[in-house]
Amino acid sequence: MTKKLVVTGVGATTPLGGDVASTWKALLEGKSGISTLDKDWIEKYEVPVTFAGQAAVPASEVLTLQETKRLDPSSQFALIAAREAWADAGSPEVSPERLSVEFSTGIGGVWTLLDAFDTLKERGPRRVLPMTVPMLMPNGPAAAVGMEFAARGGVRTSVSACASSTEAIANAITRLQSGEIDVVIAGGCEAAIHPLPVSAFAAMHALSKRNDEPEKASRPYDVNRDGFVMGEGGAALIIETEEHAKARGARIYAELAGGAVTSDAYHITAPDPAGSGAARAMLSTLEQAGATIADVVHINAHATSTPVGDIAEYNALRRVFGDHLDNIAVTATKSSTGHLLGGAGAVEAIFTVLAIHERVVPPTINLDNPDPEIKLDVVTTPRKLAEGPILAISNSFGFGGHNAVVAFRSYEG
Amino acid sequence: MALSQADVLAGLAEIVNEETGIAASDVQLDKHFTNDLDIDSISMMTIVVNCEDKFGVKIPDEEVKNLETVGDAVNFIVSAS
């Protein structure tokens, strides 16, 4: 990369906590953010999966009544996360034309859309809220964040299912390297714990059905894993050129060293079992970072806890790292947070940044009986990382055959 | 029975406050929805529909453009009730 890029702010609202500090603390303590849903729609529609990772702090406790009325829940999470990240970065002074937003969602305003359809059926077209369209559009979260911080250098939304917000971070690299932009607010969000998406994911047998033990349901790499667990929330990172960050005396968490996007063109939902697309994304990211496989000390894996997906990612990892994979501390934090779909990549990017910054790898929980086919050094209690220059990657893959990978390096000044 | 102007003003102020966050006390008869209260057309449509529900009146779409001030809206609702 020609310009060095750095992360100067992080913000998140997740099933583990309403901000980064509480989320990170709960993660290191091995907590689960997954619980039984106390919703009348579970019984009403006989939804087969009765648990999920709901935001630990409801958006309505943080935002004004008007914000909650005019923003879909996905945009509400985006705004909460972005405000925290912006403040965490010291509210950078940047020319609006040189500030851009890359903010993703996998599904968009599904609550708004389906609530509006209910209103149409029950009360007629005149009662459909005039704000329905801007609330349901997938670029709604990005637009809300852009307006909040007066970003006039372009506000974009890449939608690639569960790879969406890692792709957003990779896109931030391109914008910053172009020289047109100094600061990017990058992130992702999701708010899809609604009876329809839950039923639809359940219909394709993608979700765990461990209804009687929800906190143990998300168990990547465990031989008894039976699907992923839906989560909700949002996460945002402030990424800027090193030059811009240093000029304003910003605190720097880590260097954003590289990012790449590839596609499988193999199957609409199943990953390519050989993992070649995923492998290319990792190799391309390392090349961009000017790194070799031997430089990687930590991987925040995509690892959603599905029987097929965890193996496919393992195959890709082995393909890329060979024997060096045995020396890499791997974690699967969806075991604690559940799967935030379009928000997952940004949450896990923050975990990767903090792992490097604080030199500690957060644990994977619920790994009681490791799958013998997956030979990884999975971290199950917080593990110290060595001093000196270190590099870590975060993987995200999505339905549609999307692969996105980003790499972060310790910042050496 | 027709609603009183005071009741309609208080009810309308509550709706405007909930939709926009504008203090109910700022919603006065002489205030212009756009120029004084900075209410956009999308919010105005939501306010209109909520008024229909609250006061049990019908406010035709072609009438909405004539409701420039809070007083216009209150008088229309009172006469339609």
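Which residues does Ile185(A) touch, not counting residues up to four places away in sequence? Keep that in mind as you go through the views. This is a predicted model, where local features need pLDDT of at least 70, side-chain atom pairs count only at pLDDT 80 or more, and totals for chains, interfaces and linings use all residues. Residues are numbered from 1 along each chain as its sequence is written, while chains are lettered from A and ligands numbered from 1 in the order in which they are written.

**View 1. Around Ile185(A).** Leaving out residues up to four places away in sequence, Ile185(A) touches Ala82(A), Ala85(A), Val101(A), Phe103(A), Val145(A), Phe149(A), Ala151(A), Ala236(A) and Ile238(A). Touching here means C-beta atoms, placed from the backbone, within 7 Å.

**View 2. Helix H2 of chain B, residues 41-55.** Helices are DSSP runs (H or I, at least four residues), numbered from the N terminus. The 15 residues of H2(B) should span 21 Å at 1.5 Å a residue (1.5 Å times one less than the number of residues), and the end C-alpha atoms are indeed 21 Å apart.

**View 3. The two sides of H2(B).** Ser43(B), Met44(B), Ile47(B) and Cys51(B) are buried (20 or more other C-beta atoms within 10 Å of a residue's own, C-beta atoms being placed from the backbone). Looking down the helix axis, the buried residues fall within an arc of 100° (taken from the directions from the axis to the C-beta atoms), so they line one face of H2(B). On the other side, Ser41(B) and Asp53(B) are exposed (12 or fewer such atoms).

**View 4. What covers H2(B).** The cover over its buried residues includes H1 (5-20), H3 (61-64) and H4 (70-80) of chain B.

Key
Contact = placed C-beta atoms within 7 Å.
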